[in-house]
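Reader: I'm new to this one, and I'd like a close look at a single part. Could you pick a helix and walk me through what surrounds it?

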Amino acid sequence: MSAHQDDRTGTRFTMYSTPWCGYCHRLRGQLDREGIGYEVVDIEQDPSAADLVMKVNNGNQTVPTLVYSDGSAQTNPSLRQVKDKLAALA
């Protein structure tokens with residue numbers, strides 16, 4: 001588990017990921033450039049996280065899966081979808 005955040009935003013959601021996921025790397029790079037804070041959990045290292053991802057995604061271990069403070073989730077969202085969700089939570 002690792003946190004990516006800055007002083008402006010703090011950690012706003014958890015990204016469930018794997019080290020080899022290209023979509024995860026792309027989204028993480030975009031979030032970092034925007035200064036959006038998040039926490040990363042590697043589902044290959046955390047079986048309970050893998051179970052959560054499967055529950056959210058109808059039995060599939062689809063990543064990236066983002067879980068927000070309100071308990072809602074997005075699977076493989078675009079940067080715009082993440083920003084829209086964060087604005088709705090603000």
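Author: Sure, let's take helix H3, and keep in mind that this is a predicted model. What covers the buried residues of H3 includes strand E2 (13-17), helix H1 (22-34), strand E4 (65-68) and strand E5 (73-75). The helix itself spans residues 79-89, and its buried residues are Leu79, Val82, Lys85 and Leu86. Look down the axis of H3 and those buried residues fall within an arc of 130°, so they line one face of the helix. There's a general pattern to remember here: an α-helix has 3.6 residues a turn, so residues three or four places apart point the same way. Swing around to the other side of H3 and you'll find Ala87 and Ala88, both exposed.

Now stay with Lys85 for a moment. Its charged end sits over the ring of Tyr68, 5.8 Å from the ring's centre. Tyr68 is buried too, with a relative accessible area of 3%, and it belongs to an aromatic cluster with Phe13 and Tyr38.

How is that cluster put together? A search of the whole structure finds two aromatic pairs. In one, the rings of Phe13 and Tyr38 have centres 5.9 Å apart and planes at 10°, so this pair is stacked. Phe13 lies in strand E2 and Tyr38 in strand E3, 25 residues apart along the chain. In the other, Phe13 meets Tyr68 with ring centres 5.3 Å apart and planes at 50°, so that pair is tilted. Here the partners sit in strands E2 and E4, 55 residues apart. Phe13 is buried at 3% relative accessibility, and Tyr38 is buried at 0%.

Methods:
Residues are numbered from 1 along each chain as its sequence is written. This is a predicted model: local features need pLDDT of at least 70, side-chain atom pairs count only at pLDDT 80 or more; totals for chains, interfaces and linings use all residues. Side-chain values use heavy atoms; hydrogens and water are left out. Buried means under 20% relative accessible area, exposed over 50%, partly exposed in between (1.4 Å probe, protein chains only). Helices (H or I, at least four residues) and strands (E, at least two) are DSSP runs, numbered from the N terminus. The arc is that of the directions from the helix axis to the C-beta atoms. Contact means heavy atoms within 4.5 Å. Rings of Phe, Tyr and Trp (its six-membered ring) pair if their centres lie within 6.5 Å; planes under 30 degrees apart count as stacked, over 60 as edge-to-face and the rest as tilted. A charge sits over a ring if NZ of Lys or CZ of Arg is within 6 Å of the ring centre and within 35 degrees of the ring normal.
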